Amino acid sequence: MKRLFLGAALLLASSANAQHRLAPAYPLVTHHPYFSIWSGNDTLNAATTTHWTGAPQSLNGMLSVDGKIYNFLGKAEKVYTPILPAADQSEYTVQYTETRPANGWEGISFNDNAWKSGAAPLGSDKGEVKTPWKTNDIWVRRSFDLNKISEKAVYLKLNHDDNIEVYINGKPAYSKAGWTENYAYIPVNKKLLKTGRNIIAVHVANTAGGRWLDMGLVEEAATKGPGVLEAKQKSIDLNATQTIYAFTCGGIDLNVTFTSPLLMDDLNLMSRPVSYISTKVNSNDGKQHLVKLYFGASSTLAVHAAFQPVKGVEYSRNGLNILKAGTVEQPLLKRTGDDVRIDWGSVYVAVPQQSNAIQNISSESEALNNFISDTDPAATEMMGAKLKLNTTIPVGTVGGAAVENYIMIGYDEIFAVQYFQNNLRPWWNINGTETIENQFALASQQYQEIMKKCVDFDKKLYDDAFKSGGEQYAKLCEIAYRQAISAHILTKSPEGELLFLSKENFSNGSINTVDITYPSAPLFLIYNPDLLKGMMNGIFYYSESGRWKKPYAAHDLGSYPIANGQTYGEDMPVEESGNMLILAAAIAKAEGNANYAKKHWETLSVWADYLSKEGFDPANQLSTDDFAGHLARNANLSVKAITALGGYAMLADMLGNKDVAKKYGALAKDMAKRWMNIADAGDHYALTFNQKNSWSQKYNLVWDKVLNLNLFPEEVYKKEVNFYLTKQNVYGLPLDSRETYTKSDWVLWSATLADNPKDFNALVSPMYKYALETPDRVPLSDWHGTTNSRRMNFTARSVVGGYFIKMLDHKLK
């Protein structure tokens, strides 16, 4: 999965007026894994906004104050014109060999007729590759002709995995150890080019994981118009559902609020794929100023690759002016995997007609010039790549009283997922009778009401989290909230069951992974247990329909967005069965009844029987911490099995199955006593039963405490917590004795074992420090180094919902 690392340099833009950091990246528009836009800088106009994968998905905002233009949203992307198009813009072929060639292979006169010919890109990603490449090394030559050498700056356009050497006409032009994420633009010494025939020769060496090569040449596009001033950002505020910025634009103060109303007590609202971008302007110098507001959204929000052909249209409906853009091809549910973006359905920008907005569609390069020159190209329909959806609101003369406007941005994916060969629509249009235009109309009508609900909810969430765990804990919960919810899609099965399906972001792209559901559960247990059921329903159906025939729970339902059955290559028998049993017990605890467990009792009983035989001393098998390697006799995994059986006994008791409750309750307590003996390593409990000089976080113990199962004495928690406090590094407690990296969700669970605020905060504080100091400006990674604050890989995953475990414990107590 190595190609999934982001090029951090793309997001490390800096600004002279940079703000105090509140998060690694800031959520702006967050609804589901495909509609998720973030800012990777503390200053909103210092970085290009991106999809959570790091691919540019540009939102731009400018304010005209008495004719002076101030940029406040997004750093404009550089616009390039192709000289030699890469494969994302045009098909091309190369000569290549996977066998080391003779000396001089990079020269223009080298005879490559014996080499193979293949289409680009070359690599191992089946979804995109035109020419498979399976060896460690590949040598590639691309021939092209130039009529003249550009007078503008010229760049190599490269996407490669891994190490690369580039030659132009036999001379070294570029080299890099490592890989890119998306395309890198490398300045070219134009003296290497010549009129007539040219050769780009490339050697790529694969060191691990995936393989990839695509290349081209581009030049900077011409720019027109006067310079644009940068709005001065005064502050930033990050809440659960809103990200709020304050700017000064000359004589005008500007407040900008991004709201994704993910309120879990209203699934119709939560699933509505519409976010608000609200602005308030007022004079700050006692004078009146003529103000215009511009908002631009790139059509890259609706494509996987930037140069996929797009059609854009402008129209009006239900009292709204609307812009729409989507790919010409519309390959519905065709693209699967991890580092992918949606390329079916359409993105929309809508604004109330009473705002007298002017809307049009243009190329990206013309959007700024049109706003500056106050011209309306009146384009109501346009075809091309990288279009811009432009909205200008003539705010008018502004004095001391604040003037408010809002723009809505939304996405209609038509069909959300495929579920056991059935294409399912998103929840908001589950019957296919709703329209995105009606959803925008509702969003507009309910604007004031929704904004108040969000403000009230955000305050209550912070207050509740603060009461549970203190200030830093509350701020971590605010960072996690939108990320955790928007890593799912809400829909309904053909049988009428709610489905809330996660995407395993930047870990393997699986859909509805059980060991993603398990850590994310606390958030949903607090605010709406039905959503947790929606994560479990598909797994139960998989077993109960006979499609999954094994006596333990499946790992996943497929590769997002195709949920036709497990695609992960190895089972996690104890892990996933334990997860499902514990979560069924947690739902019963949260709801005060075991009705959900009763519905699936036969399946739960099969899994409980499996754990009673195989769970106490687990065989060499995968667990959720598989990136640290397989382990036999995993003590923490054993705790999961024991706790799961205790939870099963609790459920049996709630359902009146007293004999079953007695049997499994006694079994779980006996296992716990034996565990304490066999795992004992003096001042702590070991990583594995047979390695007493090892240690690990026993985060699975938290459910014994949260569910009040009373399987383990409190002395076990205390012994572990005291030991953890001696093992912390500057950015937290390592996962176990094998490595120095950690999982922040598990640290929060381990911290919840503490019996006093001081110890809890001592474990939580380094997690907050990591969030504020990691150089990786991407949506929060739950897997990071405790010595250097670098993310290991995972990005934007739902498991940060696990941060809410302390709040859950507090609520249930």
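Helices and strands are named here as DSSP runs, numbered from the N terminus. The model described below is predicted, and a good place to begin a tour of it is with its enclosed spaces.

Six cavities of 30 Å³ or more are found in the structure. The largest of these has a volume of about 120 Å³. Its lining is made up of 15 residues, and H31, M270, S271, I489 and L490 are the closest to its centre. Three elements each supply at least two residues of this lining: strand β1 (26–32), helix α1 (267–271) and strand β33 (488–492). A reader following the chain will thus meet the wall of this cavity in separate parts of the numbering. The largest share, three residues, comes from β33. In terms of residue class, the lining of the largest cavity contains nine nonpolar, four polar and two charged residues.

The second largest cavity holds about 80 Å³ of space. Its lining residues are S623, D625, L631, N634, N636, L687, S696, Q697, Y699, L735, D736 and R738. Sorted by class, four of them are nonpolar, five are polar and three are charged.

Among the strands, β19 and β20 offer a pairing that is easy to trace in the model. Strand β19 covers residues 232–238 and strand β20 covers residues 242–249; the two run antiparallel and are joined by six bridges. Together they form a hairpin, with three residues between the strands. To find one of the contacts by eye, look for D237, whose bridge partner in β20 is I244. As a general point for anyone viewing such strands, side chains in a regular strand alternate between the two faces of the sheet.

The cysteines complete the picture. A disulfide is a covalent bond between the sulfur atoms of two cysteines. A search of the whole structure finds zero disulfides. C477 is accordingly in no disulfide, and the nearest cysteine sulfur, which belongs to C454, lies 18 Å away. For a pair to count, the two sulfur atoms would have to be within 2.5 Å. C477 is buried, because its relative accessibility is 0% and the cut-off for buried is under 20%. C249 also counts as buried, because its relative accessible area is 0%. The numbering places C249 at the end of strand β20, which spans residues 242–249, and so this cysteine links the hairpin to the account of buried residues.

How values were computed:
Residues numbered from 1 in each chain as written. Predicted model: local features only at pLDDT ≥ 70, side-chain atom pairs only at ≥ 80, totals over all residues. Heavy atoms only, no water. Pairing = 2+ DSSP bridges. Helix = DSSP H or I, 4+ residues; strand = E, 2+ residues; numbered from the N terminus. 1 Å grid on protein atoms, 1.4 Å probe; cavity = no way out; pocket = protein on both sides within 12 Å on 5 of 7 lines; lining within 4 Å. Points joined across faces, edges and corners; volume = space filled by probe spheres on them. Nonpolar A, V, L, I, M, F, W, Y, C, P; charged D, E, K, R; others polar. Buried < 20%, exposed > 50% of the residue type's maximum accessible area, 1.4 Å probe, protein only.
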